[in-house]
Amino acid sequence: MEKFVPVVVIKELSETDKILTALKNNGINTAEITFRTACAAEAIAYACKHYPEMSIGAGTVINGKQCEDALAAGAQFIVSPGLSVEVAKICNERGIPYYPGCVTPTEIMAALDLGITTVKFFPANVYGGLKAMKALSAPFPQIKFIPMGGVDRSNIDEFLAWDKIAAIGGSFFVKESLDKMEANK
């Protein structure tokens, strides 16, 4: 996994090329396409076919059916806002990385029981951010975090400086990349 995981919301399939091209032009080769829109599975399939050099995953996957649909579309990793045992089992059976949202010791212990050692910490700004993750890493030294929610250019370096950060996720990468692409026209 790359250090940056843009959270990509595709409302219409026609947006896919523009967004993924902007990310690539900005040196980012990963995209977490959220499963919050009607065309999510179609966008993932399109992205996997037309951008094979990128790591395309599915985000906001909250149940087994969505996970199956995302994997059928070609998703190479799955991200959830919380921990789904059903999704974890499907991903484990298929050898697909799964990054569930975990912000409490109980959730982290459940993830560990499922063999998961990298978790999404969401929303990071609401649950104590870096300070909370550092506190949680004391009893769980094997855990790595992907903070999302409240991470932006003002604090990203602070997060990246800590060795327990597997990656940073956020929609701001998409906005930055699109803005940069527009500015260079």
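A disulfide, as the term is used here, is a pair of cysteine sulfur atoms within 2.5 Å. With that cut-off in hand, the cysteines of this predicted model can be taken in turn, before turning to helix 4.

The sulfur of Cys102 has its closest cysteine sulfur in Cys91, at 13 Å, and because that is too far for a bond, these two residues remain unlinked. Cys102 is nevertheless buried, since its relative accessibility is 0%. For Cys39, the closest cysteine sulfur belongs to Cys48 and lies 14 Å away, which is again too far for a bond; Cys39, at 8% relative accessibility, also counts as buried. In keeping with these distances, a search of the whole structure returns zero disulfides.

Cys91, the residue that holds the closest cysteine sulfur to that of Cys102, leads to helix 4, which spans residues 85-94 and whose buried residues are Val87, Ala88, Ile90 and Cys91. Viewed down the axis of helix 4, these buried residues fall within an arc of 165 degrees, and therefore they line one face of the helix. What do the buried residues of helix 4 pack against? Their partners are helix 3 (64-73), together with strand 4 (78-79) and strand 5 (98-99).

The face of helix 4 that is turned away from the buried side has another character, for it carries the exposed residues Asn92 and Glu93. Just after the end of helix 4, the chain reaches Gly95, which takes a positive phi of about 70 degrees.

Methods. Residues are numbered from 1 along each chain as its sequence is written. This is a predicted model: local features need pLDDT of at least 70, side-chain atom pairs count only at pLDDT 80 or more; totals for chains, interfaces and linings use all residues. Side-chain values use heavy atoms; hydrogens and water are left out. Buried means under 20% relative accessible area, exposed over 50%, partly exposed in between (1.4 Å probe, protein chains only). Helices (H or I, at least four residues) and strands (E, at least two) are DSSP runs, numbered from the N terminus. The arc is that of the directions from the helix axis to the C-beta atoms. Contact means heavy atoms within 4.5 Å.
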